Structures are given as structure tokens and as C-alpha cells.
Amino acid sequence: MKMDNQLLEDLNTQLNREFYAAYLYFAMATYFTEINMEGFAKLTKNHAKEELEHARKIYDYVVLRDEKVNLLRIEAPDTNWNNPIDAINAALDHEKFVTENIHRIYKSSKEKGDFALEVFMQWFVAEQVEEEHLFQSMLDKMSYIKDCECEIVNIDRELKIENNYVE
């Protein structure tokens, strides 16, 4: 079944957003490396790789549907973070933006009767719950330490241990 043109455009735009997210998280990894926060750097580098996997899923799906992949220009992310909390807050804001778009594509696929796309998008809907939870829980943890910024070092140490699979 041929895809609706708007749904195809939305998928190609989402593909671009996933690549942008990878850029964003690689930029964060660079920022965290520069301020000697190796745990945060590993976390965000791993997350960049995950975003590339999301892009691959969308790419493969569009090809599987025998439709045209349209690779759009990837904008450079804003990297003017003042501190680790600011960077993680930017990550959460980005994930909320992505969630809105995933939900919109899901809703449109349902309304247009593209059941295959609707089922495909269910994985992304569930994934976004995890994405937002990851950064929200990290921000919650970080918000408790406003009076003692040295605790961010402890969070960084924990992240370094938890995210030890970066190559």
C-alpha cells in the first residue's frame, strides 16, 4: 500500500530529527568531556548512538514500504550550556519535542488508516516514555543538590560506571 504523501513527509522529517538528536547528544558528550565529566559524556555519547539507531529504524521502514527516503539538512545544535544541569535540561526539552512529533505521526497514521505505520510508530511512542524518564529522573536527582554542586561529581561517577560500554 502506497503511503500518504503527508505521512511520508512526516517520517522523513522525523528521520531528520533523529539525526539531529544524535548531533545534539554528540555535542553534549563533547561539552561534558571538556568539563571533565566522563560519566555524563559516556551517557550522552551512548544516547547519540541510540538516536542513530532510531534513525536507521525509520530509514529501513521507509525503504521497506518502497518509498523515497529524503535526507534533509541537519542543523547544528545550540551548545551554549552553562552547566551540566542546563545541558540535561536541554536534552529533556528536546525529548519532549520529539515526543510531540512522534505522537502527531502516530495520530495521523491512525486517522489516515495506515495501520502498518500505526503499529510501527507504537515502538517509538513507548521509547519516548523511556527517553523522557531518563532525563527527567536525572534532572530530579540533580535538583536536590543545588546547595552542593560537588554532588554532581558523584552522579558523574555513577554514570561512568553505568555507561561503561562506550567504545
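This report walks through a predicted model of one protein chain, from its overall build to its cores, rings and salt bridges.

**Overall build**

We're looking at an all-helix pattern: the protein chain has 5 helices and 0 strands, which reads α-α-α-α-α along the sequence. Taken along the principal axes, its C-alpha atoms fill a box of roughly 55 × 25 × 25 Å. The protein chain has 167 residues, and 46% of them count as buried. Its accessible surface comes to about 9,400 Å², with 52% of that belonging to carbon and sulfur atoms. If you take the contacts with a separation of 6 or more, 81% of them are between residues 24 or more positions apart.

**Two nonpolar cores**

The largest nonpolar core has 24 residues, and Phe32, Phe40 and Ile88 are the ones with the most contacts inside it. Helix H1 (5–34), H2, helix H3 (84–111), helix H4 (115–143) and helix H5 (151–162) each give two or more residues to this core. H1 gives the most, with 7 residues.

What does Phe32 touch, once neighbours within four places in sequence are set aside? Its contacts are Met37, Phe40, Ala41, Thr44, Pro84, Ala87 and Ile88. So two of the names from the core's best-connected trio turn up again here, because Phe40 and Ile88 are on that contact list.

There is also a second, separate core of 18 residues, with Leu7, Val62, Ile105 and Met121 among them. Ile105 makes a handy entry point. This residue sits in helix H3 and counts as buried, at 0% relative accessibility. Not counting residues up to four places away in sequence, Ile105 touches Leu7, Asp10, Gln14, Leu117 and Met121. By contrast, its C-alpha atom is separated by 18 Å from that of Glu131, 26 residues apart along the chain.

Back in helix H3, have a look at Thr99 as well. Thr99 is buried, with a relative accessible area of 10%. Leaving out residues up to four places away in sequence, Thr99 touches Gln128 and Glu132.

**Aromatic rings**

A search of the whole structure turns up 7 aromatic pairs. One of them is Tyr25 with Phe135: the ring centres are 5.6 Å apart and the planes are at 5 degrees, so the pair is stacked. This pair links distant parts of the chain, with Tyr25 in helix H1 and Phe135 in helix H4, 110 residues apart. Are these two rings buried or exposed? Tyr25 is buried, with a relative accessible area of 0%, and Phe135 is buried too, with a relative accessible area of 0%.

Elsewhere, Tyr31, Phe32, Phe40 and Trp81 form one aromatic cluster. Phe32 and Phe40 are familiar by now from the largest nonpolar core.

**Salt bridges**

The whole structure holds 9 salt bridges. Here are some of them.

| Salt bridge | Closest N to O |
|---|---|
| Arg56 and Asp60 | 2.3 Å |
| Asp114 and Arg65 | 3.0 Å |
| Lys107 and Glu111 | 4.0 Å |

Arg56 and Asp60 are 4 residues apart in helix H2, so they are separated by about one helical turn. Arg56 is partly exposed, with a relative accessible area of 37%, and Asp60 counts as partly exposed at 33% relative accessibility. Lys107 and Glu111 have a similar spacing story in helix H3: being 4 residues apart, they are separated by about one helical turn. Lys107 is exposed, and so is Glu111. Salt bridges that share partners also join Glu53, Arg56 and Asp60 into one network.

Asp114 and Arg65 form a salt bridge as well. Asp114 lies in the loop between H3 and H4, and Arg65 in the loop between H2 and H3, so the pair ties together parts that are 49 residues apart in sequence. Asp114 is buried, with a relative accessible area of 3%, and Arg65 counts as buried at 14% relative accessibility.

**A nonpolar patch outside**

On the surface, Tyr59, Val63 and Leu71 form a nonpolar patch, with about 290 Å² of accessible area together. Tyr59 has its place in helix H2 (residues 38–64). Tyr59 is partly exposed, with a relative accessible area of 37%.

Technical notes
Residues numbered from 1 in each chain as written. Predicted model: local features only at pLDDT ≥ 70, side-chain atom pairs only at ≥ 80, totals over all residues. Heavy atoms only, no water. Patch = residues over 30% accessible without salt bridge, like charges linked within 9 Å, V, L, I, M, F, W, Y side chains within 5 Å. Areas by Shrake-Rupley, 256 points an atom, 1.4 Å probe, with all protein chains shown as cover. Salt bridge = Lys/Arg side-chain N within 4 Å of Asp/Glu carboxyl O. Buried < 20%, exposed > 50% of the residue type's maximum accessible area, 1.4 Å probe, protein only. Core = buried A, V, L, I, M, F, W, Y, C linked by side-chain atoms within 4.5 Å. Contact = heavy atoms within 4.5 Å. Phe/Tyr/Trp six-rings, centres within 6.5 Å; stacked < 30°, edge-to-face > 60°.
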